[in-house]
Amino acid sequence: MRSNPFAEQVHYSQVLDTDPWTDLPYWNSTVRYDGCGMVSLAMCVDLLTGRPLSPLDVYRMREAAGLDQSRTADAAGTSVCGGDVTLKLNPVNRRLFQIESEPLQRTVAAFREVLEQEKVIWASSRNTPFYDVYGRIRDRRPELGHVIVFWKYEDGMYYAKDCAYGCDLGNNIPYSENMLQTWLAANPFQQFAMKRAEQKVC
């Protein structure tokens, strides 16, 4: 992202034993197993605002704001798990993190258009391969959903940050158009365009 010279380096993991947020209670278990949406939110905040907020910072700020991080996101916007950037949570995400989400079509063309606007994408899928930086498929239960952040389109490739890996394997993963099309088609939701709260809606 042109607006953030450190965007290439932004990456957080949900699985490293050395990180203080990995084993915090979250949803049905801990961040390690169920916190991909929250950790991906932290990466969106860093990418869009340049604020170095770790997943621990995000977790504690939401806790202090009274958000329930043990239940699935609800229509009232009082709980967050599995839907950390849904439109209902825009008021709290604007207040805490100065970012907000917009609806986004689940197509390759729509993803490219958003990434060319200095926005990023928080998106999930399931029943489809997830890759590391070398193009190797991660061994996982395919029926389990997982969130990653798409942050850049360049030379025909869509680059993702995946918190299921450490930085060495999960930062700036290239997805070709065909890989992304397969990834998107495997599951009908969720995906959101993420932007700074003060950005005008295009």
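**Close-up views of a predicted model**

Of the 202 residues in the chain, 55% count as buried. The legends below walk through this predicted model, moving from the whole chain to a few individual residues.

**View 1. The whole chain, with 7 helices and 10 strands.** Welcome to the overview, where the secondary structure adds up to 7 helices and 10 strands. The chain has a radius of gyration of 15 Å, close to the 17 Å that the globule rule gives for 202 residues, so it is as compact as a globular protein of that length. Its C-alpha trace spans about 40 × 40 × 30 Å along the principal axes. Among contacts with a separation of 6 or more, 61% come from residues 24 or more positions apart. The chain exposes about 9200 Å², and carbon and sulfur atoms supply 53% of that area.

**View 2. The largest nonpolar core, with 38 residues.** In soluble globular proteins, nonpolar side chains tend to be buried together. Here, Phe97, Ile99, Val120 and Met194 touch the most other members of the core. The elements that give two or more residues to this core are α2 (36-49), α3, β4, α4, β6 (120-125), β7 (146-154) and β10 (191-196). Helix α2 makes the largest contribution, with 10 residues.

**View 3. Ile99 and its contacts.** Setting aside neighbours within four places in sequence, Ile99 is in contact with a set of residues that includes Leu41, Cys44, Val45 and Leu48. Asn90, Asn93 and Arg94 are also among its contacts, and so are Met194, Lys195, Arg196 and Ala197. Apart from the largest core lies another core, of 22 residues, among them Val114, Phe150, Tyr175 and Ala193.

**View 4. A salt bridge between Asp84 and Arg62.** Side chains of opposite charge can pair when their charged atoms come close. In this pair, the closest N and O atoms of Asp84 and Arg62 are 3.0 Å apart. The two residues link distant parts of the chain, 22 residues apart: Asp84 sits in the loop between β4 (79-81) and α4 (90-97), while Arg62 belongs to helix α3 (residues 55-64). Both Asp84 and Arg62 are buried.

**View 5. Arg32 paired with Asp23.** The chain has 14 salt bridges in total, and this one brings the closest N and O atoms of Arg32 and Asp23 to 3.1 Å. Are the partners buried or partly exposed? Arg32 counts as buried because its relative accessibility is 17%, under the 20% limit. Asp23, with a relative accessible area of 49%, is partly exposed.

**View 6. Glu116 with Arg112, and a salt-bridge network.** The side chains of Glu116 and Arg112 meet in a salt bridge, with an N to O distance of 3.0 Å. Glu116 is partly exposed at 45% relative accessibility, and Arg112 is partly exposed at 35%. Salt bridges that share partners also join Arg94, Glu100, Glu102, Lys119 and Lys195 into one network.

**View 7. Asn172 in a loop.** Asn172 lies in the loop between α6 (167-170) and β9 (173-175). Its relative accessibility of 17% is why Asn172 counts as buried. What does the side chain of Asn172 reach at 3.0 Å? The partner is the backbone oxygen of Glu8. Not counting residues up to four places away in sequence, Asn172 touches Glu8, Val133, Trp151, Tyr159, Ala160 and Lys161.

Note on methods:
Residues are numbered from 1 along each chain as its sequence is written. This is a predicted model: local features need pLDDT of at least 70, side-chain atom pairs count only at pLDDT 80 or more; totals for chains, interfaces and linings use all residues. Side-chain values use heavy atoms; hydrogens and water are left out. Helices (H or I, at least four residues) and strands (E, at least two) are DSSP runs, numbered from the N terminus. Buried means under 20% relative accessible area, exposed over 50%, partly exposed in between (1.4 Å probe, protein chains only). A polar contact is a pair of N or O atoms within 3.5 Å; within protein, one must be able to donate a hydrogen and the other to accept it, and residues adjacent in sequence count only if both atoms are side-chain atoms. Contact means heavy atoms within 4.5 Å. A salt bridge is a side-chain nitrogen of Lys or Arg within 4 Å of a carboxyl oxygen of Asp or Glu. A nonpolar core is a set of buried Ala, Val, Leu, Ile, Met, Phe, Trp, Tyr and Cys residues joined through side-chain atoms within 4.5 Å. The radius of gyration is taken over C-alpha atoms; the globule rule is 2.2 Å times the number of residues to the power 0.38. Accessible areas come from the Shrake-Rupley method with a 1.4 Å probe; for residues, only the protein chains shown count as cover.
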